[in-house]
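Please open the model in your viewer and keep the selection tool at hand. We will go from one stop to the next, choosing residues and then looking at what surrounds them.

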Amino acid sequence: GSVTKQFSAVCILQLEEKGLLSVNDSLQKYIPDYPQGDLITIRHLLTHTSGIPNFTDFPDYTAIMIIPSPLEKTIERFKNLPLEFQLGEKYSYSNSNYILLGYIIEKVSGQSFEKYLHENILDRLQMVNSGYDHSEKILAKRASGYELSSGGLVNTPYMDMSVPHAAGAMYSTVEDMYLWDQALYTEKVLSKASLDRMFTPFLGNYGYGWVISTAYNRKLISHSGGINGFLTHISRFVEDQVTIIVLSNFSFAKSDSIALNLSAIVFGEPYEMPKERTFIEVDPAVLDIYVGQYEIQPGLTADITRKEHLLFIQVQGQPAVGLLPESETQFYIREADATLTFMKNEPGNIPGAMLHQSGKDVPLKKIK
């Protein structure tokens, strides 16, 4: 999933170190007819500040994700759409940015993203159990992805990995990811100057393929990933040289929460053991009342949809996750270890909901 993005960012910075590109280059240099390509830079793409719409949010995405898609074809899906905000004005996570970076890597290097990745990162670090995924390729001990339906566990829907490309098509193991983590304390893949730039937070605390924040009063460099049937997370407490890596082949796993609790154990901080929860079945007619668009904060929304007997919530720029009913109004989000409680001010009228996570309450206002 999106843990791939940090590898793509390193590829870009390696090419810059080789003098083959600059993060200040305009997109027009690589795709001459891209609208506003003279203003959009590689840095905008790396930091999700381009305003380019996220193609994985498009209504037909689940239909097109099963079809092999060359980079040019994927880019055509969002190329001529208007930007969602002025360049550099704000941060908005968009997989489209890293699809474009994948295109630039291939154009500049003269190699496929997969081949460049292997020769310049994976082979160099002896990450022998990592690569660009191909469903037809036989991998020893390959994990299958699962998700939850109203009838229990099911195989996740198929996705052709040419679609996520440099935004999310890699596979790996915990052991290989640890080799990657350790290499980032050295200059095996990038110079210290480039690493420092990659780990410098920009808007939304996003650097180049990483989120830079703090936890337990410590500097934290991290990123999560989610793709059909899989959830991933890497947390790097760089000042302590402590790394937490969570890879799950269940799309309802709480990878972020697991990583946070494991790091709490390492640092002697309070944490809660997972508790067993009981879920009920809610009448689809009741669920339909909650369907709509909710505002989390200005410029950031979440869509709630129903599929059979389950509700799903999709925060802008993120994959959809299930809402598991504990009552007719309270729903549990496994991935975030959070609860979402819908509020009613009169029958059939839902003004909003309250998200409770990590001891904090975040109101969501229904706007559609």
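Which residue forms a salt bridge with Arg142? Select Arg142 together with Asp133 in this predicted model, and you will find that the two form a salt bridge whose closest N and O atoms are 3.0 Å apart. Asp133 is buried, with a relative accessible area of 14%, whereas Arg142, at 34%, counts as partly exposed.

Stay here and show the space around the pair. The second largest pocket holds about 1100 Å³, and of the 40 residues that line it, the closest to its centre are Asp133, Arg142, Ala143, Tyr171 and Phe230. Among the elements that give two or more residues to this lining are helix α1 (4–17) and strand β7 (230–237); by class, the lining has 19 nonpolar, 16 polar and 5 charged residues.

Next, select α5, residues 95–109. Its end C-alpha atoms are 21 Å apart, which agrees with the span expected for 15 residues. Because 11 of those 15 residues are buried, α5 is largely enclosed by the rest of the structure, and what covers the buried ones includes α1, α2, α4 and α6. Just after the helix comes Gly110, whose phi is positive, near 75 degrees.

Finally, move to α8 and select Lys192 and Asp196, which form a salt bridge with closest N and O atoms 2.8 Å apart. The two are 4 residues apart in this helix, so about one helical turn separates them. Lys192 is exposed, at 52% relative accessible area, while Asp196 is partly exposed, at 39%.

Technical notes:
Residues are numbered from 1 along each chain as its sequence is written. This is a predicted model: local features need pLDDT of at least 70, side-chain atom pairs count only at pLDDT 80 or more; totals for chains, interfaces and linings use all residues. Side-chain values use heavy atoms; hydrogens and water are left out. On a 1 Å grid over the protein atoms alone, a cavity is a set of points where a 1.4 Å probe fits but cannot get out, and a pocket is an open set with protein on both sides within 12 Å along at least five of seven lines; lining residues have an atom within 4 Å of a point. Grid points are joined across faces, edges and corners, and a volume is the space filled by probe spheres set on the points. Ala, Val, Leu, Ile, Met, Phe, Trp, Tyr, Cys and Pro count as nonpolar, Asp, Glu, Lys and Arg as charged, and the others, Gly among them, as polar. The expected span of a helix is 1.5 Å times one less than its number of residues. Buried means under 20% relative accessible area, exposed over 50%, partly exposed in between (1.4 Å probe, protein chains only). Contact means heavy atoms within 4.5 Å. A salt bridge is a side-chain nitrogen of Lys or Arg within 4 Å of a carboxyl oxygen of Asp or Glu.
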